[in-house]
Amino acid sequence: ARLRAITDNVPIMLCLKGLDGRYVEANKSFANWHKVDVRDVPGMRASDLLTHERAETLEGYEKQVIETGEAIIHEGVSRLHHRPDGNPMIFRMIKFPVTDAEGVIMGVGTALTDITDQKLAQQALEDMQARLMAITDNVPIMLSLKDRDCVYQHCNPLFAEWHGHPASEIIGMTSRDLLPPEAADRVEKVDREVLETGKVVVFET
């Protein structure tokens, strides 16, 4: 009863299928997602809940899990549910083998999570990075970014052109790969000062 209380309240859709392709168990989240009573799920097949095409796809995944003994992770867009704003929900599905005490596969488990917010946040971040990249790539100033080991992680085209290397080659380099030893020493000294003090340093070279 305690385990059922956990599975019914965890914000993940869970179900277990036997080797015959019929559902053995499911939690309330799974049943609610498919708009059925959780008590009616045991004995059903995927085709009772989904379109024929979608059911065949899922059964193909399950067959692969049974044959290989390895989990499968799949992300997709739900055809059943939409968000209040009208956009479709995005989900991550994990199908994994369930074994008995002897390690023999007795069924396939499924864990389904709504990752819409995560994907939207990721897309928003990528869009923001793209806009920032457009700015840094076109500003008439040489710009670069180093990590705490003073290794270049990014530079704009003007910086790359000044140093005579494609930007893709500069990533992973240090000042010593681009400058004479004395100049590299000065730059690295300033880099260390910035890292140690957390303050902006202005210098001419």
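What follows looks at the sheet, the helices lying across it, and the surroundings of Ser-175 in a predicted model.

The sheet is an open one, built from 5 strands with antiparallel pairing, and reading across it gives the order β2-β1-β5-β4-β3. The edge positions go to β2 (23-26) and β3 (72-82); each has just a single partner strand, so one side of each is left without a neighbour in the sheet. From one strand to the next, the twist averages 25 degrees. Further in, β4 (residues 88-99) and β5 (residues 105-114) pair up in the antiparallel sense over 9 bridges. As for individual residues, Pro-97 has Val-108 in β5 as its bridge partner.

Two helices lie across strands of this sheet. Helix α3 (residues 52-68) lies across β1 (13-18), β3, β4 and β5, and runs at about 35 degrees to β4. Helix α4 (residues 116-138) also lies across β3, β4 and β5, but its angle to β4 is about 125 degrees.

Turning to Ser-175, this residue sits in the loop between α6 (167-170) and α7 (181-197). Loop or not, Ser-175 counts as buried because its relative accessible area is 0%, where the cut-off is under 20%. Its side chain makes a polar contact with the side chain of Lys-146, at 2.5 Å. Setting aside neighbours within four places in sequence, Ser-175 is in contact with Lys-146 and Tyr-152, and also with Ala-184, Val-187, Glu-188 and Asp-191.

Note on methods
Residues numbered from 1 in each chain as written. Predicted model: local features only at pLDDT ≥ 70, side-chain atom pairs only at ≥ 80, totals over all residues. Heavy atoms only, no water. Helix = DSSP H or I, 4+ residues; strand = E, 2+ residues; numbered from the N terminus. Buried < 20%, exposed > 50% of the residue type's maximum accessible area, 1.4 Å probe, protein only. Polar contact = N/O pair within 3.5 Å; in protein donor to acceptor, adjacent residues only side chain to side chain. Contact = heavy atoms within 4.5 Å. Pairing = 2+ DSSP bridges. Axes fitted to C-alpha atoms, helices over the stretch in contact; angles between N-to-C directions.
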